[in-house]
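Reader: Please pick one part of this structure and go through it closely, with the cut-offs behind each term.

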Amino acid sequence: MPKSKIAGLGYYLPEKIVTNDDLSQVMDTSDEWIQERTGIKERRYAEKHKETTSSMGVKAAEMAIANAGITNEDVDFIIFATLSPDYYFPGSGVLLQRQMNMQGIGALDIRNQCSGFVYGLSIADQFVKTGMYKNVLLVGSEFHSMGLDYSTRGRNVTVIFGDGAGAAIIQPSDGDEAILSTHLHADGTNAEVLSYINPGSHGGAHDPEGQEKYEYPDQEFGGAFITQKMWENEDLYPHMEGPTVFKFAVKKFPEVIMEALQSNGYTIDDLGMLIPHQANLRISQFVQRILGLSDDQVFSNIQKYGNTTAASIPIAFAEAVEQGKIKKGDLVCLAAFGSGFTWASALIRW
Ligand code: ACO
């Protein structure tokens, strides 16, 4: 069976640093609370009206392309993962394509939130292994700061998230480097526990029980995606039931990591580096403890960037390689958990 590999990684972080103290100027929070619960010290915010989700993706993609030793013309397919796209539609994939002059090749947008990069890697892996494409550009990019609630009401969500982008080039491999396997899971039972439901065709108020509650009928036929009532109720922001997310995350992360190792005949001792989705430092530390991993086996950069959802794994992966923490031949596990819930892993021989 032909194999695929990650031939190059790239990342981009906006210049603007927003510290916990900066946030405490606009909402009732503190550096101490945020660091104690999440490990986050600061995050980056993109420059509004200048940068976009796709333009940050372009910068990460350019670095990945250069690191893979190819040119834009060599890319034959684009996969773009984000939950904070430039537009409601079309997706950010075609916008990145336009900026990179790659018109004509396919562009696929995926919406798997924190698992988006690993889902995208799995798709790229299948396309490359079957011989359909030779250079798949996979991008994860998020512009969270545009859509957060900066009042005290939104503090449990807002303090966690930051902006940034990461990218990878996936190519056929004829050496030892390989994507060994990918493992994708989802369970929509708790879909609304971590969600951003408006604007949407549901057209209703946030309802944690998942019951249909059409509270915002605007017109007799159909209705607007965004209604006056939603503005009045301030029902246009992300929603997170933190303790529930924590409970599922610390169960599903270890499961999907072990699934990746065991399905390839490996144990925890064989693992060179775990790159977990940077959800929350406390979640990563919990997972590390449950699995008995050493500090050298788990990479964390959430302290500097916050949670960048679909971008967090490629940014962390690229930084770990850049810092020499992943060496040729190492076994690397990528693992993600997030809204949906969706969770996924990939085992890679670097
Ligand atoms: N600053 C100060 N106080 C706050 C803040 C804040 N930023 N946010 C919430 N609080 C308050 C709440 O209002 C509440 O006050 P109350 O007791 O007076 O009502 C109190 O702190 C506790 O609130 P909880 O939401 O129960 O906070 P918890 O202790 O669970 O911590 C946290 C919240 C850090 C989000 C935690 O639930 C957690 O780690 N959850 C995991 C979810 C997560 O990390 N998600 C990341 C994104 S999702 C993903 O990527 C998978």
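Author: What follows is a close look at strand β12. The model is predicted: local features need pLDDT of at least 70, side-chain atom pairs count only at pLDDT 80 or more, and totals for chains, interfaces and linings use all residues. Residues are numbered from 1 along each chain as its sequence is written, and side-chain values use heavy atoms, with hydrogens and water left out.

Strand β12 covers residues 331-338; strands are DSSP runs of E with at least two residues, helices are runs of H or I with at least four, and both are numbered from the N terminus. Eight of the eight residues in β12 are buried, where buried means under 20% relative accessible area, exposed over 50% and partly exposed in between, with a 1.4 Å probe and protein chains only. Leu-331, Cys-333, Ala-335 and Phe-337 point one way from the strand, while Val-332, Leu-334, Ala-336 and Gly-338 point the other way. Both of these sets are buried.

Next come the pairings of β12, where two strands pair if DSSP finds at least two bridges between them. Strand β11 (residues 273-276) runs parallel to β12 and is joined to it by four bridges. Within that pairing, Cys-333 of β12 is the bridge partner of Leu-274. Strand β13 (residues 342-349) runs antiparallel to β12, with eight bridges between the two. Here Leu-331 stands opposite Arg-349 of β13. β12 and β13 form a hairpin with three residues between the strands. In that hairpin, Gly-340 takes a positive phi near 140°.
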